[in-house]
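Hi,

Here is the structure I promised to pass along. Have a look at it first, and my notes on the charged side chains follow underneath.

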Amino acid sequence: MLSVEQLRRVRDELGPQSWHEVTIADLARASGVSRATLHRHGITKQEVADGLSELLRDEYAAAALPALTASGPAVARLEQALRAVCAVDERYRGLIDGLGDRLPDVFHEPGEGEVLTRPGFTDALRRILEDGARDGTLAADDDPEETATLLFNAAGWTYRHLRTGHRWSVEKATTRVAALLTAGVRP
């Protein structure tokens, strides 16, 4: 498997490119190794995608941490966390698009029927929603875990669509998505 540093280089170099278009030669160049090295170690495009998926989960958690630990009203911290979701989505746009049918395996809890987004992606949002119910800046919620799933998905899917389908700038898409979703959970 590639190291975390190599995965970050792949993300940074190939992030905007559709994962469907990425070749083994692209992965080798971006990670700083030869195609022969990838082949010799049995590193496949799927293994790299799996590694990037783990890195993605860790980056969502790390990006939300400043909002989670900040002082101030929860409503401002929620907007900060949603902006962080958009920033991570920007770095992984190509990979997320290219994962297609595999997205549920990355983001969703396993199971039949209704499922939530895995806690590693939504924990910070859930905790900020709970803080907001206590400080009165966000609406009290009977199921903050479900609302965190809704916010995470609404932010990610809407942001990526506005960036690719409508060709909005990073700042415009981030600002509008975070503001709209935050307004939707105010008391």
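One thing before you dig in: this is a predicted model. I went through the charged residues, and here is what came out.

Searching the whole structure turns up 14 salt bridges. As general background, side chains of opposite charge can pair when their charged atoms come close. I'll walk you through three of the pairs and then a network.

Start with helix α2, which covers residues 24–31 and holds both Arg29 and Asp26. Their side chains form a salt bridge, at 3.0 Å from N to O. The two residues are 3 apart in the chain, about one turn of the helix. Is each partner buried or exposed? Arg29 has 49% relative accessibility, so it counts as partly exposed. Asp26 comes out at 14% and is buried, because the cut-off for buried is under 20%.

Helix α8 (residues 119–135) has a pair with the spacing of 3 residues, about one turn of the helix: Arg126 and Asp123. The closest N and O atoms of this salt bridge are 3.7 Å apart. Arg126 is at 21% relative accessibility and therefore counts as partly exposed. Asp123 is partly exposed too, at 33%.

Salt bridges with shared partners also tie Arg11, Asp12, Glu59 and Arg91 together into one network.

Now for a pair that reaches across the chain. Glu171 and Arg83 make a salt bridge with their side chains, 3.0 Å from N to O. Which parts of the chain does this pair link? Glu171 sits in helix α10 (residues 170–183) and Arg83 in helix α5 (residues 74–91), so the numbering puts them 88 residues apart, and the pair links distant parts of the chain. Both ends are partly exposed: Glu171 has a relative accessible area of 47%, and Arg83 is at 27%.

Last, have a look at the surface. A patch of negative charge is formed there by Glu114, Asp141, Asp142, Asp143, Glu145 and Glu146. One of these, Glu114, is in the loop between α7 (103–107) and α8. Glu114 has 78% relative accessibility, which means it counts as exposed, the cut-off being over 50%.

If you open the model, helix α2 is a handy place to begin, with Arg29 and Asp26 both in it. From there you could go to Glu171 and Arg83, and then to the negative patch with Glu114 in it.

Cheers

Notes. Residues are numbered from 1 along each chain as its sequence is written. This is a predicted model: local features need pLDDT of at least 70, side-chain atom pairs count only at pLDDT 80 or more; totals for chains, interfaces and linings use all residues. Side-chain values use heavy atoms; hydrogens and water are left out. A salt bridge is a side-chain nitrogen of Lys or Arg within 4 Å of a carboxyl oxygen of Asp or Glu. Helices (H or I, at least four residues) and strands (E, at least two) are DSSP runs, numbered from the N terminus. Buried means under 20% relative accessible area, exposed over 50%, partly exposed in between (1.4 Å probe, protein chains only). Patches are made of residues with over 30% relative accessible area and no salt bridge: like charges are joined within 9 Å, nonpolar side chains (Val, Leu, Ile, Met, Phe, Trp, Tyr) within 5 Å. Accessible areas come from the Shrake-Rupley method with a 1.4 Å probe; for residues, only the protein chains shown count as cover. Lys and Arg count as positive and Asp and Glu as negative; His and the chain ends are not counted. The place of a charge is taken as NZ of Lys, CZ of Arg, CG of Asp or CD of Glu.
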